[in-house]
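Good morning, and thank you for making time for this short presentation. I would ask you to keep the sequence and the model in view while I go through them.

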Amino acid sequence: IQLPPLYQLPPCPPAEKQPGLVAMVGRLEKRKHYDLALLALRHALRSNPDLHMVIVGDGPERPTITRLIDKLGLKNRVTLAGHLPEHKKLETLARSEIFLHTGYPEGYVIAAVEAHHCRNKIVTHAETPALKHLKCNTYPYTRYKIQEIATALETAHKNPLGECKIPQKTETIYKKIYQILY
């Protein structure tokens with residue numbers, strides 16, 4: 001796994017936002033709890049029929065996730081994009097309106113910061129470490145609560161995107177993480 005030099009976030013590519021597009025980025029493994037995300041999406045679709053999801057990443061849970069998508073009747077609402085090169089991942093985030101993160105346990109959640117950088121509304125559980133540095137356009141929920149995830153998706157979708165920047169403190173943290181990793 002190659003991590004980008006996070007202290008130098010590349011510019012988010014110009015792209016037209018697709019209202020209702022929910023992006024998830026990460027390895028397809030059990031601790032990412034894609035099942036919760038899919039159940040929450042199905043619930044949120046009842047009052048927000050324009051929501052759709054793209055999942056960027058690959059891993060051992062792909063067959064399980066594919067079966068769950070079929071079982072929940074979400075075939076036309078969820079795209080499994082697989083692993084994408086970094087620039088394609090950023091293009092996906094640039095088009096997305098909402099970034100959803102359901103992984104636990106997790107580290108800092110770099111993808112949430114990248115999504116924030118690409119002007120996404122961030123829906124993640126309240127224990128996500130990155131949340132304390134992303135002070136706007138965030139919609140936290142209680143971990144493992146499908147109804148709360150669905151409500152956070154609905155609220156993020158209905159609310160306009162506020163203006164904000166990644167705080168300087170967050171960029172300093174990137175540098176420290178990068179130094180530790182490399």
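**Contacts, cores and a cavity**

I begin with a single residue, Leu80. Beyond the residues up to four places away in sequence, Leu80 touches Ile55, Arg62, Ile65, Thr66 and Ile69. Please bear in mind throughout that this is a predicted model. Leu80 belongs to strand E3, which covers residues 78-82. Is Leu80 buried or exposed? Its relative accessibility is 19%, and the cut-off for burial is under 20%, so Leu80 counts as buried. One of its partners, Arg62, stands 18 residues away along the chain, with 8.4 Å between the two C-alpha atoms.

Let me now step back to the chain as a whole. The protein chain contains 6 helices and 6 strands. In sequence order, the pattern reads β-α-β-α-β-α-β-α-β-β-α-α. Of the 182 residues, 47% are buried. The chain exposes about 9,400 Å², and carbon and sulfur atoms supply 55% of that area. How do the contacts distribute along the sequence? Taking those between residues at least 6 apart, 74% join residues at least 24 apart.

Next, the nonpolar interior. Which residues of the largest nonpolar core touch the most other members? They are Met53, Leu100 and Val123, in a core of 30 residues. At least two residues of this core come from each of E1, H1, E2, helix H2 (62-71), E3, E4, E6 and helix H5 (146-158). Helix H1 gives the most, with 8 residues. Met53 illustrates the packing: leaving aside neighbours within four places in sequence, its contacts include Ala37, Leu38 and Leu41, as well as Val78, Thr79 and Leu100. There is also a second, separate core, of 18 residues, with Phe99, Tyr108, Ala112 and Val113 among them.

Helix H1, residues 34-45, also holds Arg42. Arg42 has a relative accessible area of 35% and is therefore partly exposed. Outside its sequence neighbours up to four places away, Arg42 touches Leu72 and Leu74. Its C-alpha atom is 8.3 Å from that of Ala150, although the two residues are 108 apart in sequence.

I turn to helix H3, residues 86-95. Which of its residues are buried? They are Lys89, Leu90, Thr92, Leu93 and Ala94. A general point on helices applies at this stage. An α-helix has 3.6 residues a turn, so residues three or four places apart point the same way. The cover over the buried residues of H3 includes strand E1 (21-25), strand E2 (52-56), strand E4 (98-101) and helix H4 (110-117).

Several loop residues also deserve attention. In the loop between E1 and helix H1 we find His33. His33 counts as buried because its relative accessibility is 16%. With neighbours within four places set aside, His33 is in contact with Thr102, Gly103, Tyr104 and Tyr144. Tyr104 is itself of interest: the peptide bond from Tyr104 to Pro105 is cis, with omega near -5°. Pro105 sits in the loop between E4 and H4.

Two further loop residues have a positive phi without being glycine. Arg119, in the loop between H4 and strand E5 (121-125), has a phi of about 60°. Asn137, in the loop between E5 and strand E6 (138-141), also has a phi of about 60°. As for their surroundings, Arg119 is partly exposed at 36% relative accessibility, whereas Asn137 is buried at 12%.

Finally, the internal space. Rolling a probe the size of a water molecule over the atoms shows where empty space is left. How many cavities of 30 Å³ or more does the structure hold? It holds 1, and the volume of the largest cavity is about 50 Å³. The lining consists of Met24, Val25, Lys32, Tyr34, Phe99, Leu100, His101, Thr102, Gly103 and Glu106. Strands E1 and E4 each supply at least two lining residues, and E4 gives the most, with 3. By type, the lining divides into 5 nonpolar, 3 polar and 2 charged residues.

Some names recur across these topics. Leu100 is among the residues that touch the most other members of the largest core, and Leu100 also lines the largest cavity. Phe99, from the second core, is part of that lining too. Thr102 and Gly103 line the cavity and are in contact with His33. Thank you for your attention.

Key. Residues numbered from 1 in each chain as written. Predicted model: local features only at pLDDT ≥ 70, side-chain atom pairs only at ≥ 80, totals over all residues. Heavy atoms only, no water. Helix = DSSP H or I, 4+ residues; strand = E, 2+ residues; numbered from the N terminus. Buried < 20%, exposed > 50% of the residue type's maximum accessible area, 1.4 Å probe, protein only. Contact = heavy atoms within 4.5 Å. Areas by Shrake-Rupley, 256 points an atom, 1.4 Å probe, with all protein chains shown as cover. Core = buried A, V, L, I, M, F, W, Y, C linked by side-chain atoms within 4.5 Å. 1 Å grid on protein atoms, 1.4 Å probe; cavity = no way out; pocket = protein on both sides within 12 Å on 5 of 7 lines; lining within 4 Å. Points joined across faces, edges and corners; volume = space filled by probe spheres on them. Nonpolar A, V, L, I, M, F, W, Y, C, P; charged D, E, K, R; others polar.
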